[in-house]
Structures are given as structure tokens and as C-alpha cells.
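Good morning, and thank you for making time for this item. I would ask you to keep the sequence and the structure in view while I speak.

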Amino acid sequence: MSDEGDETHVPVDLRPDVPHPARMYDYYLGGKDNFPADRAAAEQVVSLGPLVRISARANRAFLQRAVRHLAEEGITQFLDIGTGIPAAGNTHEVAQRIVPDARVAYVDNDPIVLVHGRALLAGSGAGHVTVVQGDLRDPKSVLADPAVRAVIDFDRPVGLLLFAVLHFIDDADDPYGIVRTLLDALPAGSRIALSHATGDFTTPEQAAKGPAVYRAATAQLSMRSREQVARFFEGLELAEPGLVTAPLWRPDQEPQDTDREVAIWAGVARKP
Ligand SMILES: C[S@@+](CC[C@H](N)C(=O)[O-])C[C@H]1O[C@@H](n2cnc3c(N)ncnc32)[C@H](O)[C@@H]1O
């Protein structure tokens, strides 16, 4: 489903009583688009350590630096899966600062993201941008979606963006196969930018607590080690500085003491 030219109002069940990862993330970032159930679950995660909020902000800042980098490298179209509720500095805003007619297809499986995305685009009047409801676990459907194909030309390099979403894909759903399917559909010179939650910097007992909170949410959390996240980049040319914690990926500011242990691995790579 696309926002473009779609004036119909499909009723959406917001399920305010069930924590949604998109709304929990909005709460970590200090947003207002969340309900008591989201805040209660998010507070349980925040209580696990001070780095939770820092990690969410660091992830968002990485998204912006990575998109800016890709636009500066000549990427003009982006497939952003796991979009989230709009927050400061969304992909199309960052990209269009450098490439004014940059094209962005946003895809998220949470209907509330579609509602917010449509509202954002209606307000901004952005062209060449669509918001599609789709599931990363079904990459072929995402690639075949007519609204995605109306915005993205799959014969030209694409920036595939998977920020803070692959940790919502369970091993049973084959996250590595999903990424391969998406990359196989993109021409040489395309890029992938991804970030992924990790338990590498905590004890296994602490690392188990985050997924335990998400068990009551609409998506489960699968944290992965650096080695497991590195597997997503197999066969690709990893851009400098490689796979690092989010704040250390081409930082705009001097790194802080905690940056090495922010629980998000981040990297950008080129398809040869
Ligand atoms: C933590 S937010 C990340 C938002 C944004 N990409 C960012 O990094 O700032 C994760 C988003 O992934 C979405 N998501 C989770 N599982 C998904 C799936 N199977 N398919 C598509 N989106 C998914 C959630 O609805 C949520 O909006």
C-alpha cells in the first residue's frame, strides 16, 4: 500500500495495549508517539542500563551519517526497510539535502508507521517518496511491490537501508537469506547500510533481559554478536572504518568514553 495518490482512509488497529517496537523506539528517542503499554515496556528496557537510550540516539545519528555518505557517493535512491515512526532527520530529508530529487521507498510492517509516514509526507510535500506496508521476512514481496517499483529503478544502484531492524528477524526466518535476496535484486555499485543490536558488551544474563521484555511486544528481539553481524557483509566491500559500534562510524564529533560499548554494530558496504 502506498501513500502516493491514496486518499482513502484505511482503518488501522493501533493495538495501544500491546507494546510496539516502533513506538518503544520512539519513546527511547524522546518522541511522543507512544502509549502507556509502549512506555512501560520501554522503561523496563531502559532500566537495564544507561546505554539503551544512548544506543537508540547513536543508531539514529548513524542513520543520518550513513545516508549522507551514500548520497555524497552518488546514491540517489534508497530502499529503507524498518522505517520506524518519523523522527528528526528521516532518510528522505537527509538524502534530499544533498540530492534534491532523491527517491526513497520506506517499508515497515507496522501499520502505525504507515499512518505517521503518510502524515509526514502530506505535510512536507516531498516528491519521489513512498511509504509501503511490507514485511522484511518476505523480501520478494517487498521487491515486487508496485509502489516500491514506482519509486525505485532496480537497474540503477540502490542504497538498501536496514537500520535497527534485522534484530527483529529471528534465526528461524533466515535473516542472512533475506539480505541475500534483497542484494541479489540490486545492481553492482549498490550499497547496504545496516545497524544491529548486540549483547556483546554485557553479561549473557543481562543480554537476555532485553529480548525477555520484547517477548510481550509485536516483534521479538534477537541480539547478535559482532561476528554474526559481520556475516551480513560477506562478499561485499565494507567501507572504512568497517563494522564498528554506531558512534564510531565516521563520527562528526569527538568519540565519548562510552562509544566503544554502545550496543549497536554498524556498517556500510558496496556490492561489487
Ligand atoms: C527500532 S525501529 C528502527 C527505525 C529506523 N530504521 C531507525 O533506525 O531509526 C525498528 C522498526 O522496524 C520495524 N520492523 C520490525 N520488524 C519488521 C519486519 N519484519 N518488517 C518490516 N519492518 C519491521 C518496526 O515496526 C520498527 O518501525
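Leaving aside residues up to four places away in sequence, A164 is in contact with N59, G82, S195 and A197. I should say at once that this is a predicted model. A164 sits in the loop that runs between β4 (159–163) and α8 (175–184). Its phi is near 55 degrees, a positive value for a residue other than glycine. Is A164 buried or exposed? A164 is buried, because 23 other C-beta atoms lie within 10 Å, and the cut-off for burial is 20 or more. As for N109, which is 55 residues away from A164 along the chain, the two C-alpha atoms are separated by 14 Å.

The loop between β4 and α8 also holds D174. D174 likewise has a positive phi in a residue other than glycine, near 60 degrees. D174, however, counts as partly exposed, with 14 C-beta neighbours inside 10 Å.

One further backbone feature deserves mention. The peptide bond from E240 to P241 is cis, with omega near 5 degrees. P241 belongs to the loop between β6 (237–238) and β7 (244–245).

I turn now to the ligand. Which residues come nearest to it? Of the 22 residues around the ligand, they are A22, G82, G84, D110 and F163. Two elements, α1 (21–28) and α3 (51–72), give two or more residues to this shell. By character, the shell divides into 12 nonpolar, 5 polar and 5 charged residues. G82, named here beside the ligand, is also one of the residues that A164 touches.

Next, the interior. In soluble globular proteins, nonpolar side chains tend to be buried together. Here the largest nonpolar core has 77 residues, and those with the most contacts inside it are L79, A105, V148 and L162. The element giving the most to this core is α3, with 10 residues. Beyond four places in sequence, L162 touches I81, G82, I192 and L194. G82 therefore appears a further time, as a contact of L162 and of A164, and among the residues nearest the ligand, where the criterion is a C-beta atom within 6 Å.

Let me now describe the chain as a whole. The protein chain has 10 helices and 8 strands. Its radius of gyration is 17 Å, close to the 19 Å that the globule rule gives for 272 residues, so the chain is as compact as a globular protein of that length. Along the principal axes, the C-alpha atoms fill a box of roughly 45 × 45 × 35 Å. Of the 272 residues, 47% count as buried. Among contacts with a separation of 6 or more, 75% join residues 24 or more positions apart.

Finally, a word on confidence. The average pLDDT of the protein chain is 91, and 94% of the residues score at least 70. Where does pLDDT stay under 50? That is the case over residues 1–8, for which the model has 14 contacts beyond four places in sequence. Where pLDDT is low, the predicted coordinates should not be read in detail. I would therefore ask that the contacts of residues 1–8, where pLDDT stays under 50, be treated with that caution.

Methods. Residues numbered from 1 in each chain as written. Predicted model: local features only at pLDDT ≥ 70, side-chain atom pairs only at ≥ 80, totals over all residues. Helix = DSSP H or I, 4+ residues; strand = E, 2+ residues; numbered from the N terminus. Nonpolar A, V, L, I, M, F, W, Y, C, P; charged D, E, K, R; others polar. pLDDT = per-residue confidence, 0-100. Contact = placed C-beta atoms within 7 Å. Rg over C-alpha atoms; globule rule 2.2 N^0.38 Å. Buried ≥ 20, exposed ≤ 12 C-beta atoms within 10 Å, placed from the backbone. Core = buried A, V, L, I, M, F, W, Y, C linked by C-beta atoms within 7 Å.
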